[in-house]
Amino acid sequence: MDNKEFVKDLTKMEDDFAKWYTDIVLKAELVDYAPIKGFMVIRPYGYSIWENIQNVLDKKFKELGHKNAYFPLLIPESMLNKEKEHVEGFAPEVAWVTQGGENELQERLCIRPTSETIICTMYSKWVRSYRDLPLKYNQWANVVRWEKTTRPFLRTAEFLWQEGHTIHATEQEAIEETLTMHKVYADFCKDYLAIPVIMGQKSEKEKFAGAQATYTIEAMMHDGKALQSGTSHYFGNHFAKAFDIKFQNKEGKLEYCYQTSWGMTTRIIGGIIMVHGDDRGLKLPPKIAPIQVVIVPIAQQKENVLEVTKNLQEKLSDKYSVELDERSEVSPGFKFNYWELRGVPVRIEIGPKDIANNQCVVFRRDTLEKEIVSLDDLEEKIEFLMEDIQNNMYEKAKENFEKRTFIAHDFEEYKKIFKENEGFAKIMWCGDRECEDKIKEENSTTIRCIPFEEDKFQDVCSICGKKAKHMVYTARQY
RNA sequence: CGGGGUGUAGCGCAAUUGGUAGCGCACGUGGUUUGGGACCAUGGGGUUGCAGGUUCAAGUCCUGUCACUCCGACCA
């Protein structure tokens, strides 16, 4: 049968994209809804994707001299209130603890929406001299933000993340740190998740509450909407002033520290699904897939079949994560669909015929192609496929990205683009808040970022016609 | 918080003018199967969201209430 029959045009999926998405995360057993509204349960298979992400990032962080630590879940209200912009930004979505045991608390405690405040409080105790700097700590934790509408991974009331917090003696060093981590995220998305991203800076309006500058990586989902996939903030010394983080410099004078923070969350799993998934379900990049190869025995009750597959699993397990599906109660066809839904990059089928011919059937999830491979060449073939699938997935994602990136020279053209399409629209922007608000009001789009690489296609603002400052990417967002 | 919708088995649904709750999938057991979601036989599973009312009789009609969900505003 022609495999292309199965590959439906992904654009047809758009209308029901949200439904498709939630269907996949539930059916592939990544998550389940929790008994508390807005919260999700991450099931073992979904969690193992997160573990793989953690491992890669954690290793990278440590290479860059960061250390892991852990700070409390609860933050006293007075502590949160110390930085004005920050508390105003988060106030609408914090959850509060007001009672301890039977007693009402003197001061209510918020469940961390992020940990800047408590970490700054500790940093102020730990820093005395320039010799103590920089402090580069990271924590893997959960945070709670009381969101009104939620969707598994993309927006839930509680989510898992890493948050790195660093303080430095100089502005320059802190800015460098912010940019370094920004690049770590971008490279991670490209090299491990096969997701192309735009690197850039957030507008004043969209930046993190309390930050001086927010850098973001913006990914495009298959339906053309944007997903903010990782952020890196430069704080200047705002928080240092609010939390009194001072150090004595070489000259013996007291100075405030310069600070950064950066985070990536379980939301990125939603990104992987929405960038790569198709109508058969998940499609996981080999570098991050919990199971890289699944072996499906055919007619497994027949002599030798299970034995051969077990040996093969053992052999391949040195290099790859290999699952042998030896369930006898379901048919091979069922297993094919089962593992495709879960996004396993490579499947090996082996039955009596193959054993007789010293061969197997190798299936790749990205293109849905099947191929007969000699068992002697199998290891080489798998090695090739792991790399080829990874690259091919990136290319496909990039293709979609480019196909759905538009240029708007004026507002009429802009409106037309978002009336007819979903995607990224590049515009020239004067830098005024008015124009930023206007596109949102009329198109529900936002400025995703001011990219590092601007393609200045005209001199005037695409919205108001005044002199333009920047080229920016705009889109509807998740 | 503004507008719409839905609550019946684990999931998806059905039940005629009110007449004592059923189907598919899933699940249990026995057997036959196994190269793209197997089949046969058989079995288990329900205070119809909750509370009240009308009636000989309520999944169905009335009142209240709760929950969920979709579309807008807020966000990693």
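In this predicted model, α10 gives the most to the surface near RNA strand B, contributing 8 residues. The helix runs over 332–341, and it shares the job: the elements that supply two or more residues to this surface are β11 (226–236), α10, α11 (352–357) and β18. Around RNA strand B there are 40 residues, and those that come nearest are Q228, S331, G333, G351 and K353. As for chemical character, the surface near RNA strand B splits into 15 nonpolar, 14 polar and 11 charged residues.

The backbone has a few quirks worth a look. One is the peptide bond from L133 to P134, which is cis, its omega sitting near -5°. P134 is found in the loop that links α5 (116–126) with β7 (135–144).

Two residues other than glycine turn up with a positive phi. For A194 the value is near 60°, and this residue belongs to the loop between α6 (171–191) and β9 (197–201). A194 counts as buried because 27 other C-beta atoms lie within 10 Å, where 20 or more are needed.

L368 has a phi near 65°. Its loop lies between β18 (359–364) and β19 (369–374); β18 is also one of the elements that give two or more residues to the surface near RNA strand B. With 16 other C-beta atoms within 10 Å, L368 is partly exposed, since that count falls between the cut-offs of 12 or fewer for exposed and 20 or more for buried.

Terms used:
Residues numbered from 1 in each chain as written. Chains lettered and ligands numbered in written order. Predicted model: local features only at pLDDT ≥ 70, side-chain atom pairs only at ≥ 80, totals over all residues. Helix = DSSP H or I, 4+ residues; strand = E, 2+ residues; numbered from the N terminus. Near = placed C-beta within 6 Å. Nonpolar A, V, L, I, M, F, W, Y, C, P; charged D, E, K, R; others polar.
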